[in-house]
Amino acid sequence: MNPILFLDIDGVLNPPICPQYELDFALSDKLAAKLNNPSIKKLNIYFVNQVYYGFDKKSCELIKKLAQEFEAKIVLTSSWRLYYTKEEIEGMFEIVGIKDTFIDFTVHGNPRNNVIMEYVHTHNVKRYLVIDDFDMRNNFGYRFIQTAQCFNEANYHQARYALNLQESL
């Protein structure tokens, strides 16, 4: 079974302070053509601009690299799962280059750590990481990666170590 990355968005891919950008009303069309995905044209233009210009490109690349290296799959734990449709989330992951790794959402509920543990038990997940800016170390130990502003190089190396450690168990 592939390892699972339980992924938050805000504070992981989307920094707390968004960089300044000018709204590009043609961005959906440009990205739909570039990515050969016409469904991006249907997404809200503000949403598309936020993802494209607001998300931290380096953090997105590091998550993609981690997922590819370990053939990991992403399960979204972020509150974004409550406000956006599956199509919007898939579009978001397409824009940042990790759509192929996204497989599921956790169920609605709180606290987040309980929802994640429910998913782990329900789906019999053996190898996983929780990547979040909210401290859940007490719940997940070495399987938890806490980000400060966004997922960075140090987080990436910590995640690699934790996934390699789980592989040997």
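Q: Is R112 buried, exposed or partly exposed, and at what relative accessibility?
A: Keep in mind that this is a predicted model. Buried needs under 20% and exposed needs over 50%, with partly exposed in between. R112 therefore counts as partly exposed, since its relative accessibility is 23%.

Q: Which helix holds R112, and where is D8, the residue it meets in a salt bridge?
A: The side chains of R112 and D8 pair up with N and O 3.2 Å apart, and the cut-off is 4 Å, so this counts as a salt bridge. D8 sits in the loop between β1 (4-7) and α1 (27-34), 104 residues away from its partner. As for R112, look in helix α6 (residues 112-122).

Q: Is D132 buried or exposed?
A: D132 also forms a salt bridge with R112, with the closest N and O atoms 2.5 Å apart. D132 lies in strand β4 (residues 128-132) and R112 in helix α6, so the pair ties together parts 20 residues apart in sequence. Now check the accessibility: D132 has 0%, and the cut-off for buried is under 20%, so D132 is buried.

Q: Which residues are linked with R112 in a network of salt bridges?
A: R112 bridges to D8, and D132 bridges to R112. Put those together and you get a network, with R112 linked to D8 and D132.

Q: How many residues apart are R160 and E69?
A: These two form a salt bridge, with their closest N and O atoms 2.7 Å apart. R160 is in helix α8 (residues 153-167) and E69 is in helix α3 (residues 57-70), so by numbering along the chain the pair links distant parts, separated by 91 residues.

Key
Residues are numbered from 1 along each chain as its sequence is written. This is a predicted model: local features need pLDDT of at least 70, side-chain atom pairs count only at pLDDT 80 or more; totals for chains, interfaces and linings use all residues. Side-chain values use heavy atoms; hydrogens and water are left out. Helices (H or I, at least four residues) and strands (E, at least two) are DSSP runs, numbered from the N terminus. Buried means under 20% relative accessible area, exposed over 50%, partly exposed in between (1.4 Å probe, protein chains only).
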